[in-house]
Amino acid sequence: MPRIVFVEPSGEIREVDAPIGISVMEAAKQRGVAGIVAQCGGACACATCHVYVDAAWVAKLPPAEDMEQGMLESAWEPRSNSRLSCQITVTAKLDGLRVSVPAQQG
Amino acid sequence: MIIGAGQAGAQAVDTLRREGYTGRLVLIGAETELPYQRPPLSKKYLAGELAEERLWFRHQAFYEEHHTELRLGVRASRLDTASRRVLLEDGAELPYDRLLLCLGASSRRMTCPGADHVGVHYLRDLGDAQRLRAEIRPGAKLVIVGGGYIGLETAATCRHLGCEVTVLEMGDRLMARVVAPSVSQFFAEQHAAHGIRVICDARVAALEGDTRVRRVLCADGSVHEADFVVVGIGALATSALAQAAGLACDNGIVVDEFCRTSDAAIFAAGDCTNHPSPHYGRRVRLESVDNAFEQAKTAAQNMLGRGVIHDRIPWFWSDQLDNKLLIVGLAQGHDRIVLRGEPASRSFSVCYLADRELLAVEAINHSKDYMAARKLIAERAKMDLNKLADPSVPLKEAV
């Protein structure tokens, strides 16, 4: 099972084994990773599952679609490596993916 | 103690423990499932694209790790506020120091002749969705009563799965209670383009059948053949338990800005509450994920004596066909509506203003305007009408 590494806002590191096919957001929620709110449950409607993707991984992810891009523009402190974790599907290639959770959502 | 294991109940568990509460915590739920998300029930879950465990907010291990006693599949039958006890229908009596009511809402029922036929469905909980799913097959005739969120999302999903779908709406346009006429028009066209029959001004007079429902009769004499029927005509706050206990209720359980009921030891959150909106300066009852989530969070904090005020700009979403409708704010009291962009482009938004202050925005396939509006509404931004009507000017700069 691919392992996703979350850096919580406090700096604490949480490693979560995530089944292939679910989203990175769902993996975080199941284990209660701090700072991933994900109110809408993955509908790309709330921008409360915002993460910063580790530089080494940015190019390995499929690019964000327009809806996600539009959400991210007004998310809390967006950066060039910002993504909505509900829009990233766990695959075998993402084993070791590292993302940081911002201090705030929404 | 928390009664109601939906969005609000599950969130309250999370917040209580995160905020450092270490005492006994009991979550009581009428359904047997772990707390789960309802929005996918009319969308991906209904379409068979989402396994049941992906509906859960948290896995069982979360509740164990957070020392939460789950009492699922049992209803609370009575509150004794004098002795601070909850009586369950299985005979158990549980004491509480602080109680949170997350009772939700229930589907408004049809009352016309034949409304209790087999094959007439509502869509509120997982059991409803499972029963409905068993009826869906290519070519099956589905008549939907009610052109609101539930009716239209269900229409879209069932059409995608090959059903012949007719939507009967009582009013003169779709989602009339929640969106502008131009948005109703857009969705009517989208549904029609996908082969869904949308009929407005349709008053259902009776459901006819034999062992099960076979047709829907309208007051104008029209008849619609049906293999099954879905009724989505709104929801009512669930407040009987609170009412019987003598708590103030009026279109929901009346709470203050701290989510406290008329009994100081009892709080309430989510669809079941009638609560003040400080931003809009009036009382509201909202049926939304955001409201359930945020009120539960606030209520949980206040159960621990934090003194937090619930003051949110509400937001809502709906997925229909391949369109995403995003709504932020409450439009009531507006004196002007401004359209941004062309509905024909399938990406546009509708802004509601009162004396140029932005009150609400409906964004169709337009997440930028939606996100910008969340901030502008909270800031009570006064908009520049010329810039606002020009979709090439970003909304956040149209002030």
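**Exercises on a predicted two-chain model**

In this predicted model, the contact between the chains takes 15 residues from chain A and 20 residues from chain B.

**Exercise 1.** Work out which helices of chain A help to form the side that touches chain B, and what classes of residue that side has.

*Solution.* Start with the helices: H1 (24–30) and H3 (66–73) of chain A each supply at least two residues of this side. Next, look for the largest share: 4 residues come from H3(A). Finally, sort the side of chain A by class, which gives 7 nonpolar, 6 polar and 2 charged residues.

**Exercise 2.** Describe the fold of chain A and decide how its compactness compares with that of a globular protein of its length.

*Solution.* First list the elements: chain A has 3 helices and 5 strands. Along the sequence they follow the pattern β-β-α-β-α-α-β-β. The radius of gyration of chain A is 12 Å, close to the 13 Å that the globule rule gives for 106 residues, so chain A is as compact as a globular protein of that length. To round off the picture, note that buried residues make up 45% of the 106 residues in chain A.

**Exercise 3.** Trace the open sheet of chain B and find its edge strands.

*Solution.* Follow the 5 strands in the order E3-E2-E1-E7-E19, with parallel pairing. The edges are E3 (68–72) and E19 (266–268) of chain B, since each pairs on one side only. Now zoom in on E2 (residues 25–29) of chain B: 5 bridges join this strand to E3(B), and B:Leu25 stands opposite B:Thr68 in E3(B). Last, add helix H1 (residues 7–18) of chain B, which lies across E1, E2, E3 and E7 of chain B and runs at about 175° to E2(B).

Notes. Residues are numbered from 1 along each chain as its sequence is written. Chains are lettered from A and ligands numbered from 1 in the order in which they are written. This is a predicted model: local features need pLDDT of at least 70, side-chain atom pairs count only at pLDDT 80 or more; totals for chains, interfaces and linings use all residues. Two residues are in contact if their C-beta atoms, placed from the backbone, lie within 7 Å. Ala, Val, Leu, Ile, Met, Phe, Trp, Tyr, Cys and Pro count as nonpolar, Asp, Glu, Lys and Arg as charged, and the others, Gly among them, as polar. Two strands pair if DSSP finds at least two bridges between them. Axes are lines fitted to C-alpha atoms, for helices over the stretch in contact, and angles run from 0 to 180 degrees between N-to-C directions. The radius of gyration is taken over C-alpha atoms; the globule rule is 2.2 Å times the number of residues to the power 0.38. A residue is buried if 20 or more other C-beta atoms lie within 10 Å of its own, exposed if 12 or fewer, and partly exposed in between; C-beta atoms are placed from the backbone.
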